[in-house]
Amino acid sequence: MAVPFSTVDLLQALSAGLLVGSAYALMCIGLGIIFGSMNVINFAQGDFLMLGMYAAFYLTTGFGVLAFLGPYGGPIVAAFLAGPIVFALGWVLHRFIVARVTGAGVSQIAGAGAYGQIIVTLGISLILQNGGLIVFGSTPVGIRTPLSRQSWEIGDVLLNQARVVSFFFAVALAGGMYLFLSHTRLGKGLRAAADNPQAAIYMGIDVDRAHRIAWSVGVGITAVAGGLVATFQTFQPYVGFDFVIVMYAGVVLGGLGSNFGAFWGGLLIGVVQQMSTLILPYQLQNTAIFVVFLLIIFLRPQGMFGRLSERT
Amino acid sequence: MRTRAEARRQRWAILGFAVAILVLSFVVLKSAYYQLVLTQVLLWAVLSLAWNLLSGYSGYFSFGHAAFWGLGAYTVALGMLYFDLTPWISVPFAALVGAVAGAIIGYPTFRLRGHYFALAMLAYPLATLYVFQWLGYQELALPMKREAPLLYMQFEDPRAYVVLALGLVVAALLISLKVENSRFGMALLAIKQNEPAAEAAGINTWRWKMLALMLSGAIAAIAGGLYGVVLLVVTPETVFGMLVSAQALILALFGGVGSLWGPVIGAMLLVPLAEGLNAELGDVLPGIQGVVYGIAIIMIILWAPEGVYWRALDRLSRRSPAPHAPEPAAGTIATPVAANVAPLPRAPAPLGDDLLVLRDVGISFGGLRALDGIDLAIPEGGLYGIIGPNGAGKTTLFNVINGFLAPDPGAITLSGEPITGLRPSQVCRRGVGRTFQVVRAFPRMTVLENVIVGAFVGAPDDAAARQMALAALDRVGLSARSGAIAGGLTTRELRLMELARALVPHPKLMLLDETLAGLAHDDLDGILTVIRQLRADGITVVIIEHTMQAMVKLVDHFTVLDHGRLIASGQPNDVVRDPSVIEAYLGKKWVDRVAVPAK
């Protein structure tokens, strides 16, 4: 059987998939923390990612804030600074809006049923997206660093330097998050609040506070991932939507509620996306992700590492 | 379900609305621009009505109605470009495309529920968007047909479009009204409030959901088709984009989800606002439309989550003393129902042939063998008790019998006919009624409506269903409460209501899952009387119970289940005295109690 691509192409796509996938993995962890702890589908996650991109962009280039760090260090530091900025915004949004439709104290909302939460995040998404259009303009921008245009060669495979650097930082931060969730008191509290909010309340865990932290950390982590992606890809205010599906596909693939799974799911989605370009036209990259996403939902909704519990 | 008078009033309201729009268009509005905005208001109202038909009534939220809208618009645009097809044909044809798309989408997607369904729906329009981009249909401009404008729906006068769009709104409203007033709408509401209960009550939930999605897709696509004609340019982003799907649900939620007028109210309020701001400020603030929708939807969820329509209704009814809760139409309750209902149909039968037979039935959940090698034959006309400790597999056994779970391996027959692997609604149609351990009511319906849902199985038409439901309520002694909202009932009333819902289609077999649990002593007697009455009427009853003393007096035959296996079977007094049963499954203390004769 004739294969329409060479081994080098394959390795090239695979490595690109892993490099891009690491950033996806990081944003999936962010989304996974929110879904896992609050059981809320956050539509606006992609738009927080977009905010992270613009935050990093303006920190690096806009006002020259980080000029003294040089073209190599600046973008990375900016990406990490985008985290706290978006964290703070997330905190405020949760405090004044999201908390009113989520959490242990809120029973089902009359008209919209359990969907009140999704709809509120949809509203936030619309505001951030279109507000972004007003504030940032529609021209695509990117954080240009010398790394963006250079590659390392391993054999015949080219590795974009910006992607490699972002890979290492993404994996490091993902590892840090893993330690935070599994070994700190706060992280364990978040997981308890996720597992059984009622029981967590009885055990003295402030579930609303846990949710606020989960939400803010979740959007913050995703914003850092956005900042990293911004070093090798251009973006505009509507970019979030391309990533929402990437993130949900990754989180669902990994298994809803499993942070560890979200990481591998995101990585795998990156690989699927890049490998699909071997056989599909470039424009259908994201369609390939949709197809994978739908397949997972139908065939194995609990994902790779998730569990499914439902009672009749 | 509304009464006929109410439906008539609604039809007058629709007529009034149509006249008001015509007056607005022909008398008030002068500029062509305002006519265009009005057309858009109407078209978005149609999309939102379509969304409401599925999501508002059935509770299955769609985040992907742009798929239908976009397919409609592209059907019209491509038809005109490649086949020189006039919109007079392609716009109605778009409805067919939408219905087919609904079937294709629904077939796999209705296997999902809740958040998963919503997420999967989100993927369809976006995946389609990329495909249309890839196909090179970036921007399709409908060709101008100067030689025959009327033939191609290209009118000089923008009011013509208003009239066409108004026609669609009126049609969508009438369809919604028709749905609301039929068993279709009741089935969707039942699905929204408790899907397993609806299925167990004989509603083929899958069929109604598919129908709702196809109808909804058809309406959305036809509106999308006309939208393409009006705007003359179709791009993937404007017709498949997220804002389209979002608008469909935002307008409905803002106006009042699940109400006839909600989507129209939402469109009348929000679309002109967003359009107006976009026209005034679009150059300076390019995304103002999306921001307005975002703010609107957050505000509505925070302050009036039920929507403007319901909120206004509540305000009005609070001012006037008229009760808000739907009261049963006067007269239907006051007349004694029993009079026009035939006396209990079947005479008490002696134990007859086997009605229900289970052969080697088993089922596993992961590694757990929940049922294992169950052989059971339940004779006709008896009162059969199943007991066993927690986790013994009693409810699982019911779930296997009535079709919630498929046995593996095993075969089940009812009156000699195999029922293995049938849907619960089909099992119900063959004569198996069931109640649940935790009562599964439709909490926002009245008691009568709850029972009517169960009556659709056996009733030739909706009026007969109502009569049968009233008779069943009479039978369990709940007639006086038929107008009450189920959410406010006591446990005893809920149990009785569930019994009435299960027995309204005259089942051969009733499965009662811990019907006596959680009841006070006084309430117990009432329900026991009803259960004995069931047997007297010739209905075979299988009951799962924990309340031992009541059971010993009640049932003819006992079966003990533990760890998914049948342990013992026989006359109640024998089984209860069986030392192994007592020791192993009822605990030591029962040995002493049973030693004292029950009577």
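1. Burial in chain A is a good place to start: of its 312 residues, 57% count as buried. Please keep in mind throughout that this is a predicted model. The secondary structure of chain A consists of 11 helices and 2 strands. Along the sequence these elements follow the pattern α-α-α-α-β-β-α-α-α-α-α-α-α, with the two strands placed after four helices. As for contacts between residues at least 6 apart in sequence, 77% of those in chain A join residues at least 24 apart.

2. Chain B can be read in the same way. It has 24 helices and 12 strands, and buried residues account for 51% of its 599 residues. Among the contacts in chain B between residues at least 6 apart in sequence, 75% link residues at least 24 apart.

3. Next, the interface between the chains. Here 40 residues of chain A are in contact with 40 residues of chain B. On the chain A side, the elements that contribute two or more residues are α4 (116-136), α9 (240-254) and α11 (285-299) of chain A. Which of them gives the largest share? That is α4(A), with 14 residues. Sorted by class, the chain A side of this interface has 27 nonpolar, 12 polar and 1 charged residues.

4. The domain layout of chain B deserves a look before the details. Chain B is divided into domain 1 (4-248), domain 2 (352-431 + 507-599) and domain 3 (438-506), so you will find domain 2 written as two segments. The C-alpha centres of domain 1 and domain 2 of chain B are 49 Å apart. Their contact takes 8 residues from domain 1 of chain B and 7 residues from domain 2 of chain B. On the domain 1 side, helix α8 (residues 195-200) of chain B gives the most, with 3 residues. By class, that side of domain 1 of chain B has 4 nonpolar, 3 polar and 1 charged residues.

5. A helix pair in chain B is worth displaying. Helix α11 (residues 242-255) and helix α13 (residues 288-303) of chain B pack at an angle of about 40 degrees, and their axes are 10 Å apart. Is the crossing of α11(B) and α13(B) left-handed or right-handed? The crossing is left-handed. From α11(B), the residues B:Leu243, B:Ala246, B:Gln247, B:Ile250, B:Leu253 and B:Phe254 meet B:Gly290, B:Tyr293, B:Ala296, B:Ile297 and B:Ile300 in α13(B). This contact has 9 nonpolar, 2 polar and no charged residues.

6. On to the six-stranded sheet of chain B. Its strands form an open sheet in the order β8-β9-β10-β5-β11-β12 (chain B), with mixed pairing. At the edges stand β8 (432-434) and β12 (565-570) of chain B; each has a single partner strand, so one side of each lacks a neighbour in the sheet. From one strand to the next, the twist averages 20 degrees. Within this sheet, β9 (residues 509-513) and β10 (residues 540-544) of chain B run parallel and are joined by 5 bridges. One of the residues to check there is B:Met510, whose bridge partner in β10(B) is B:Val541.

7. Chain B also has a four-stranded open sheet, in the order β4-β3-β6-β7 (chain B), and here the pairing is antiparallel. The edge strands are β4 and β7 (417-418) of chain B, each pairing on one side only. Strand β3 (residues 354-365) and strand β4 (residues 368-379) of chain B pair over 8 bridges. Along that pairing, B:Asp354 stands opposite B:Pro379, and B:Ile363 has B:Leu371 as its bridge partner. The hairpin of β3(B) and β4(B) has 2 residues between the strands, and B:Gly366 takes a positive phi near 60 degrees there. Strand β3(B) is also joined to β6 (residues 411-414) of chain B by 4 antiparallel bridges, with B:Leu356 opposite B:Leu414.

8. One helix links points 6 and 7. Which strands does helix α15 (residues 394-402) of chain B lie across? They include β5 (383-387), β8, β9, β10 and β11 (557-562) of chain B, and the helix runs at about 150 degrees to β9(B). Helix α15(B) also lies across β3, β4 and β6 of chain B, running at about 65 degrees to β4(B).

Terms used
Residues numbered from 1 in each chain as written. Chains lettered and ligands numbered in written order. Predicted model: local features only at pLDDT ≥ 70, side-chain atom pairs only at ≥ 80, totals over all residues. Buried ≥ 20, exposed ≤ 12 C-beta atoms within 10 Å, placed from the backbone. Contact = placed C-beta atoms within 7 Å. Nonpolar A, V, L, I, M, F, W, Y, C, P; charged D, E, K, R; others polar. Pairing = 2+ DSSP bridges. Axes fitted to C-alpha atoms, helices over the stretch in contact; angles between N-to-C directions. Left-handed = near helix turned anticlockwise from the far one by under 90°.
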